[in-house]
Amino acid sequence: MRAPESGRKTLPKKAPIHTEEQRDGLRAASRFNAELMDFVRPHVVAGVTTESIDQLVYEYTCDHHHTPACLGYEGYPKSVCTSINEVVCHGIPDNTALKEGDIVNVDLTTIVDGWYGDQSETFLIGEVSDKAKRLVQVTFDSLYVGIRAIKPNGKIIDIGKAIYDYARKHGFEVVREYQGHGIGREFHQEPGVPHFPARGAERSVIRPGMCFTVEPMLNAGTWKTNLDSRDGWTVRTADMSLSAQFEHTIFVNEDGPEILTLTENGPQEGHKFK
Ligand code: MF3
Ligand code: CO
Ligand code: CO
C-alpha cells in the first residue's frame, strides 16, 4: 500500500479492534487465501505467463464462490499482482513468460464473507544468481523479524525498526513509499505499517484485536521507486535493481501475533531457499 507521505489519501477507519467472532471471519478469509497460494505455488515455474497465473487465481477463487479483491480495486485490471525482478509491487499480469533466473512476487488478496486476507511470496524461477537468492532469503527472514517484533501494547514503529536494521545489516535497502496496512472489512485501513522507523509510526500502538499486514519490500540497490506512468500501477526500483517481497496477514492476540495466511504447505519461519 502507498505510504501516506508519498501522496496516498489518508486511510479509512481508525484501526478496528476485532471481537473473537470477527477474528473467526478474518481467520477464514486468510485461510482461504493461503490455500489459494498453495494451489498457485506449483504453477509458478519457467515458461508460464503471468496472465495464466491470473487466470488460475480468478478461476479457483470463483469456483469457491469468493471474490478476488484486486480485480477492479481502484481500477486495477487483474486478480493478482505479479512483480518480476526490478518490479517492486503491483505488476500487472500479461503475456510475459517467466524464465530461468527470474524472481517473481505473487501477491494474492481474497474477500471471503466480507473479510479480506492478503499475502505474497517471491519465487525463484530455476537457478537464479547468488545475489537474487540472497535478496529473497533476507527479505523472507526480515518478514519474520518484523512479525517477532509485534508485541501487544507495543509500538508499530518497532516492526519497521527491526526489519530495517536486519535488511541494512545484510546490505539491502528497504522500500519506504509502500507499507503494510490494517486489514479487515476493508482492504486497506489503519494502522499503516512502515518497514523502516518512520516518524509517523512513533505514536501508533499495537492493540490486541488489531489485524494488519507486514509486507517488506527489499531492494538490492536504492530504496527509491518509480511508478509506471503508462499503466499507473507497476512500481519499479529507480535504479532497476532487483526487488523482493513477502507478506502475511497478522492478528494480534493478547499473547502475541498469530500469522493468519499460512498453511502447513507454505514456507515456514526459518525456511532456506535453494
Ligand atoms: N495486495 C497488495 C497489498 O499488499 C495490494 C494490491 S492492490 C492492487 O496491499 F490493486 F494492485 F491489486
Ligand atoms: Co498484498
Ligand atoms: Co497488503
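In the predicted model, Cys211 has a relative accessibility of 2% and therefore counts as buried. This residue lies in strand S9, which spans residues 211-214. Leaving out residues up to four places away in sequence, Cys211 touches His18, Leu26, Gly182, Ile183, Thr249, Ile250, Phe251 and Leu260. A further relationship links Cys211 to Pro16, for although the two residues are 195 residues apart in sequence, their C-alpha atoms are 7.9 Å apart in space.

A second buried position is Gln137, which is assigned to this class because its relative accessibility is 14%, under the 20% limit. Gln137 is found in helix H3, formed by residues 130-148, and, when its neighbours within four places in sequence are set aside, Gln137 is in contact with His271, Lys272 and Phe273.

The packing of two helices was also examined. Helix H1, comprising residues 20-40, and helix H2, comprising residues 50-63, have axes that come within 10 Å and cross at roughly 135 degrees. H1 is therefore oblique to H2, since an angle of this kind falls outside the ranges for roughly parallel, roughly perpendicular and roughly antiparallel arrangements, the last of which requires over 145 degrees. The crossing in which H1 passes H2 is right-handed. On the H1 side the contact is made by Phe32, Glu35, Leu36, Phe39 and Val40, while H2 contributes Ile53, Leu56, Val57, Tyr60 and Thr61. By residue class, the contact of H1 with H2 consists of eight nonpolar residues, one polar residue and one charged residue.

Terms used
Residues are numbered from 1 along each chain as its sequence is written. Chains are lettered from A and ligands numbered from 1 in the order in which they are written. This is a predicted model: local features need pLDDT of at least 70, side-chain atom pairs count only at pLDDT 80 or more; totals for chains, interfaces and linings use all residues. Side-chain values use heavy atoms; hydrogens and water are left out. Axes are lines fitted to C-alpha atoms, for helices over the stretch in contact, and angles run from 0 to 180 degrees between N-to-C directions. Helices (H or I, at least four residues) and strands (E, at least two) are DSSP runs, numbered from the N terminus. Angles under 35 degrees count as roughly parallel, over 145 as roughly antiparallel, 65 to 115 as roughly perpendicular and the rest as oblique. A crossing is left-handed if the near helix is turned anticlockwise from the far one by less than a right angle, and right-handed if clockwise. Contact means heavy atoms within 4.5 Å. Ala, Val, Leu, Ile, Met, Phe, Trp, Tyr, Cys and Pro count as nonpolar, Asp, Glu, Lys and Arg as charged, and the others, Gly among them, as polar. Buried means under 20% relative accessible area, exposed over 50%, partly exposed in between (1.4 Å probe, protein chains only).
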